[in-house]
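Trainee: Please give me a close look at one part of this structure, the pairing of its strands, and what packs around them.

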Amino acid sequence: MSDSVWIEELERVGALLRGHFQLTTGRHSATFFLLARLTERPWVLARWAQELARQVTAVGPVSTVVGPAMGGVIPAYAVAQEMRGVRALFAEKEDGGMVFRRGFALEPGEPVAVVEDVVTTGSSVGQVMQAVEASGAVVRVVAALVNRTGGDSLGTVPLLSVVHLQAPSWPADACPLCAGDLPLVRPKAARRETAGPR
Ligand SMILES: [Zn+2]
């Protein structure tokens, strides 16, 4: 499938919103991602996970997939499920970094894929990579449902994705949308009243 087909699917399930948004950083943007609208639909997410699993497998064997909590937990599990005998772990925030709890452990030298829902700056993924490397395991590849970085690597590690989608944002006092009729909304502050399309 082309990028546009995947992007249409994100819009259809409400994982990609178009409008005039205030981001958590305070910047304004015409697009907003809510990947939970995708991961809450396992029957849709499965196709995305199959595509990422195919790409990860093409790079080389991994024995474990690791996702950052919370956004990466479900995608990591879904991708591992498409790869025979591959474990799915997650790392959690602690003291400004990411750590493994719950008895999760990696073997020295074990090849790992880090899987995330959307990579924008790569900071969460970078913290997971540090946690993996601290255990002696090796991050072979990073894979995301949506890649917003504009690049195809994080340091020396390949960054795979189902779609590339860069969305410009502006400081609030330099936002071109503020001059128009579109009301400014803060999507994450809103509680949804309806379940939306299936
Ligand atoms: Zn604005």
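Mentor: Two strands count as paired if DSSP finds at least two bridges between them. The strands themselves (E, at least two residues) and the helices (H or I, at least four) are DSSP runs, numbered from the N terminus. This is a predicted model, in which local features need pLDDT of at least 70 and side-chain atom pairs count only at pLDDT 80 or more, while totals for chains, interfaces and linings use all residues. Residues are numbered from 1 along each chain as its sequence is written.

The protein chain has 5 helices and 10 strands. Its C-alpha atoms fill a box of roughly 55 × 35 × 30 Å along the principal axes. Of the contacts with a separation of 6 or more, 63% are between residues 24 or more positions apart; a contact here means C-beta atoms, placed from the backbone, within 7 Å.

One sheet has 3 strands. It is open, its order is β1-β2-β10, and its pairing is antiparallel. The edges are β1 (16-22) and β10 (169-170); each has a single partner strand, so one side of each has no neighbour in the sheet. Strand β2, residues 28-33, is joined to β10 by 2 antiparallel bridges. In that pairing serine 29 of β2 faces serine 169 of β10.

The other sheet to follow is open and has 7 strands, in the order β5-β4-β3-β6-β7-β9-β8, with mixed pairing. At its edges are β5 (97-99) and β8 (153-154), each paired on one side only.

β3 is a good place to start. This strand covers residues 64-68, and 5 of its 5 residues are buried. Buried means that 20 or more other C-beta atoms lie within 10 Å of a residue's own; with 12 or fewer the residue is exposed, and in between it is partly exposed (C-beta atoms placed from the backbone). Thr64, Val66 and Pro68 point one way from β3, while Val65 and Gly67 point the other way. Both groups are buried.

On one flank, β3 and β4 run parallel and share 5 bridges. Valine 65 has alanine 88 as its bridge partner in β4. The chain unit made of β3, α4 and β4 is a right-handed β-α-β unit: with the strands pointing away from the viewer, the path from the first strand over the helix to the second runs clockwise. Helix α4 (residues 73-81) lies across β3, β4 (87-94), β6 and β7, at about 165° to β3. That angle is on a scale of 0 to 180 degrees between N-to-C directions, with axes fitted to C-alpha atoms, for helices over the stretch in contact.

β3 also pairs with β6, in parallel, through 3 bridges. Here valine 65 is bridged to alanine 113, and valine 66 to valine 114. Valine 66 has further contacts beyond four places in sequence, among them Ala76, Leu89, Phe90, Val128 and Val132.

β6 spans residues 111-119, and 8 of its 9 residues are buried. It is joined to β7 (residues 138-147) by 8 parallel bridges, and one of the bridged pairs is glutamate 116 with alanine 144 of β7. Between these two strands the chain passes through helix α5 (residues 123-134), and this β-α-β crossover is right-handed.

β7 in turn pairs in parallel with β9 (residues 157-164) over 5 bridges. Alanine 143 stands opposite leucine 160 of β9.

These strands also feed the largest nonpolar core, which holds 57 residues. Such a core is a set of buried Ala, Val, Leu, Ile, Met, Phe, Trp, Tyr and Cys residues joined through C-beta atoms within 7 Å. Leu52, Val65, Val66, Val79, Val114, Val132 and Ala143 touch the most other members. β7 gives the most to this core, with 7 residues. Over the whole chain, 37% of the 198 residues count as buried.

Terms used:
Contact = placed C-beta atoms within 7 Å.
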